[in-house]
Amino acid sequence: MRRTVYNHVKAFTAIAPAGNRLAGTVTGLSVDRNYGSEFYTSVMFVVHSGVITDGTHTVTIEHSDDDSVWDTAPVNDLQGSLPVIVAADDNELFELGYIGSKRYVRCNLVTSGAPVTGGFVDAIALLGVQPVRR
C-alpha cells in the first residue's frame with residue numbers, strides 16, 4: 001500500500017459543527033488513538049472558525065488513560081499554541097498537535113465574555129503514525 005495521507009491518517013470529529021457558540025464550555029468528543037489494528041502516535045487538531053461576532057473562544061486539550069478521568073494536557077505534550085479565537089479570526093484554520101502518551105485525547109472550546117451571537121467554531125482530529133525511515 002502506498003504511504004499517502006489518505007491511507008495512513010484517520011479523521012474524526014473533535015468538536016461538532018453547531019450554531020453560534022455562546023458563553024460556556026463545549027466538551028469535545030473523545031478520540032481513541034488505538035484505532036483498528038494500530039496505535040496512532042500523534043494527533044493533530046484542526047480548529048476551524050467561521051464568522052465570529054463576539055466573545056473569546058479558547059481551545060483546550062485534555063487527555064486520559066481510561067476515557068473517564070480527564071486532565072489538561074501539559075504544554076510539553078503539545079505542538080503549536082492553543083488558539084484564542086476572537087472576532088478578527090473569521091474563517092481561519094488553527095493547527096495543534098498532541099504527542100503525549102495517553103490513549104484518549106479531546107479538544108474543548110471555552111467561550112467567555114458576554115457574547116450575544118458568539119461564533120461558529122468546530123474541529124477535527126487527524127490521527128497519524130510515525131513515517132517509516134528509509
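How many bridges join β6 to strand β11, and in which sense do the two strands run? The points below take up this question and then move through the rest of the predicted model.

1. Strand β11, which covers residues 93-98, is joined to β6 by six bridges, and the two strands run antiparallel. Two residue pairs help to locate this pairing in the structure: V46 stands opposite E95 in β11, and H48 has L93 of β11 as its bridge partner.

2. β6 also pairs with a second strand, since residues 42-52 (β6) and residues 119-128 (β13) are matched in the antiparallel sense over nine bridges. Within this pairing S49 stands opposite V121 of β13, while I52 faces G119 of β13.

3. On its other pairing, β11 meets β9 through two bridges, and here too the strands run antiparallel. The bridge partner of L78 in β11 is Y98, a residue that returns below among the contacts of A73.

4. Taken together, these pairings belong to an open sheet of five strands, whose order is β1-β13-β6-β11-β9 and whose pairing is antiparallel. The edges of the sheet are held by β1 (9-15) and β9 (78-79), each of which has a single partner strand, so one side of each is left without a neighbour in the sheet. As general background, strands of a sheet pair through backbone hydrogen bonds, in either a parallel or an antiparallel arrangement.

5. For the chain as a whole, the secondary structure consists of one helix and 13 strands. Read along the sequence, the pattern is α-β-β-β-β-β-β-β-β-β-β-β-β-β, with the helix placed ahead of the strands. Among contacts between residues at least 6 apart in sequence, 81% join residues that are at least 24 apart.

6. The overall dimensions deserve a careful reading. A compact globule of 134 residues would have a radius of gyration near 14 Å, and the chain has 15 Å, which agrees with that expectation. The C-alpha atoms fill a box of roughly 50 × 30 × 25 Å when this is taken along the principal axes.

7. As to burial and surface, buried residues make up 37% of the 134 residues in the chain. The accessible surface comes to about 7,500 Å², and 54% of this area belongs to carbon and sulfur atoms. The chain carries 10 positive and 14 negative side chains, and the centres of these two sets lie 13 Å apart.

8. Two residues merit inspection for their backbone angles, given that most residues other than glycine have a negative phi. D67, in the loop between β7 (56-64) and β8 (71-72), has a phi near 65°, a positive value in a residue other than glycine; with a relative accessibility of 35%, D67 counts as partly exposed. N91, in the loop between β10 (84-85) and β11, has a phi near 55°, which is likewise positive in a residue other than glycine; N91 is exposed, its relative accessible area being 55%.

9. Is A73 buried or exposed? This residue, which is found in the loop between β8 and β9, has a relative accessible area of 6% and is therefore buried, the cut-off for that class being under 20%. When its neighbours within four places in sequence are left aside, A73 is in contact with I61, E62, H63, L78 and Y98. Two of these contacts, L78 and Y98, are the residues named above as bridge partners, with Y98 lying in β11. A73 and S101 are 28 residues apart in sequence, and their C-alpha atoms are 10 Å apart in space.

10. A87 offers a further loop position to examine, its place being in the loop between β10 and β11. With a relative accessible area of 38%, A87 is partly exposed. Its contacts, leaving aside neighbours within four places in sequence, are with I52 and T53; I52 is the residue described earlier as standing opposite G119 in β13. A87 and T56 are 31 residues apart in sequence, yet 8.0 Å apart in space, C-alpha to C-alpha.

How values were computed. Residues are numbered from 1 along each chain as its sequence is written. This is a predicted model: local features need pLDDT of at least 70, side-chain atom pairs count only at pLDDT 80 or more; totals for chains, interfaces and linings use all residues. Side-chain values use heavy atoms; hydrogens and water are left out. Two strands pair if DSSP finds at least two bridges between them. Helices (H or I, at least four residues) and strands (E, at least two) are DSSP runs, numbered from the N terminus. The radius of gyration is taken over C-alpha atoms; the globule rule is 2.2 Å times the number of residues to the power 0.38. Buried means under 20% relative accessible area, exposed over 50%, partly exposed in between (1.4 Å probe, protein chains only). Contact means heavy atoms within 4.5 Å. Accessible areas come from the Shrake-Rupley method with a 1.4 Å probe; for residues, only the protein chains shown count as cover. Lys and Arg count as positive and Asp and Glu as negative; His and the chain ends are not counted. The place of a charge is taken as NZ of Lys, CZ of Arg, CG of Asp or CD of Glu.
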